[in-house]
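User: Please take a close look at the aromatic ring pairs in this model. Describe how they are arranged and what they connect, then cover the metal site.

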Amino acid sequence: MTDPDRFLADFHKLRSFGAAGVGKGVVRPAYGDADVGARQWLASRMTEAGLRVEVDPMGNVFGLAGAGSLLVGSHSDSQPEGGWLDGALGVIAGLELARAAKETGGPPVSCVSFQDEEGRWGVTTGSAVWAGNIEQDKADALTDHAGIALGDARQAMDTMVTGPVDPAQFGGFIEMHIEQGPHLDTTGERIGVVTDIVGIRDMKVTFEGQQNHAGTTPMHLRRDAFQALAAFNASIEERFRNVVTPRTVWTIGHVSLHPNASSIVPGRAVFSMQWRDADGDRLKRMEEIIRDTAAEVADARGMTLSFGPMLGLEPVEMDARLRGALETGAEEVAPARWRRMPSGALHDATNVSRLMPVAMLFVPSIDGISHAFAEDTREEDLVAGLKVLDAAVQRLRR
Ligand code: GLV
Ligand code: MN
Ligand code: MN
């Protein structure tokens, strides 16, 4: 039997690594001290539960229960400003299920915390490398916004690494997560069973103009990299209009202006361009618009243009059998108060689907807020999610 009190207690303990901000905020970026400390603590909890701990070269931490086990988990790194639930929920739920299975002698459940799901170095890099979506040496060359290479940063976990972890020992993967959007909270439903996860594209774009004096350089002579970025943004909003659907999203979330000073015409703008949709063709069409628009803006404004590596994941569907078990569990725990829904957020399950059947369930996010300190979910909903997961795992092992 899973123990909701023990599950919640472990959850609050995990939040203490990197607790920050107002409410239940967390700052636990991949390979930072708080992240590594949390992973050491998780490994010790896995050992106490009788699981065999293995840590792969990316720092994905597994608690193993043996061949044929179901793998349950998510990630324990956070965004630069994140909440206590994103990823952590699935990790602690996996730990509790694996522990309960050991205690009752039930069918084996293994658990995992993947590394860098939040993409300090791209998109879900820990599970992407484990699943072979990106090779280790290519991933190692990626740099974060501060210019630190993943290959250097991951040395912070060297003492924990045991070696590669064989995916063939797992029969499937289930990830529980908060919804991170408004739908369940708005309708008052308690559980979302995921049908599919959208695809994503993400790349850095650089406009290089001419750094100059902000008082003396006439407007018509400027090659202002910020103005190029502003023109690019306005233009893609316009050009996307005939291509996107209400589910398509795009974001310029990180901008670095050089030298970023009030009295200097900016000479360089480096920014992240990210877009997501459930249709791979639409992602491609958007890429064309982005590249063409950037080239036109660069031409018109005397900029040098360059693009970073194109990172991304394809849209994926959930496995029908695993998903069916979650649906049955949802109807048992929250009769008529659950729904099927797509995921607009990315998850490790996307990568893991290359290796084995995967499925996901959501619990509500209060006011639909996530990737922010204000992220939260009622504890009764966290426990309801655990119960659905437990019911599904029992059903699958029958
Ligand atoms: C993952 O956190 C995402 O950005 O969807
Ligand atoms: Mn997450
Ligand atoms: Mn996230």
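Analyst:
**Aromatic pairs and the metal site**

In this predicted model, ring pairs join Phe62, Phe114, Trp130, Phe170 and Phe173 into a cluster. The whole structure holds 14 aromatic pairs. One of them is formed by phenylalanine 114 and phenylalanine 173. This pair is edge-to-face, with 6.0 Å centre to centre and 75 degrees between the planes. Phenylalanine 114 sits in strand β4 and phenylalanine 173 in strand β5 (residues 170-178), so the contact ties together parts 59 residues apart in sequence. Both phenylalanine 114 and phenylalanine 173 are buried.

Phenylalanine 232 and phenylalanine 271 make a tilted pair, because their planes meet at 50 degrees, with ring centres 5.4 Å apart. Helix α8 (residues 225-240) carries phenylalanine 232, and strand β12 (residues 268-277) carries phenylalanine 271, so this pair ties together parts 39 residues apart in sequence. Phenylalanine 232 is buried at 0% relative accessible area. Phenylalanine 271 is buried at 1%.

A charge also meets a ring: the charged end of arginine 291 sits over phenylalanine 307, 4.7 Å from the ring centre.

Now the metal site. The manganese ion (ligand 3) has protein donors Asp86 (OD), Glu118 (OE), Glu118 (OE) and His371 (NE2), at 2.1 to 2.4 Å. Their spacing along the chain is D-x31-E-x252-H. Aspartate 86 bridges this ion and the manganese ion (ligand 2), and the two ions lie 3.5 Å apart. Aspartate 86 is in the loop between β3 (69-75) and α3 (88-104), while glutamate 118, 32 residues apart from it, is in the loop between β4 (109-114) and α4 (125-130). Aspartate 86 counts as buried at 7% relative accessibility, and glutamate 118 counts as buried at 13%.

Notes: Residues are numbered from 1 along each chain as its sequence is written. Chains are lettered from A and ligands numbered from 1 in the order in which they are written. This is a predicted model: local features need pLDDT of at least 70, side-chain atom pairs count only at pLDDT 80 or more; totals for chains, interfaces and linings use all residues. Side-chain values use heavy atoms; hydrogens and water are left out. Donors are N, O and S atoms within 2.8 Å of the metal (3.2 Å for Na, K and Ca); water is not among the atoms, so sites may look incomplete. Helices (H or I, at least four residues) and strands (E, at least two) are DSSP runs, numbered from the N terminus. Buried means under 20% relative accessible area, exposed over 50%, partly exposed in between (1.4 Å probe, protein chains only). Rings of Phe, Tyr and Trp (its six-membered ring) pair if their centres lie within 6.5 Å; planes under 30 degrees apart count as stacked, over 60 as edge-to-face and the rest as tilted. A charge sits over a ring if NZ of Lys or CZ of Arg is within 6 Å of the ring centre and within 35 degrees of the ring normal.
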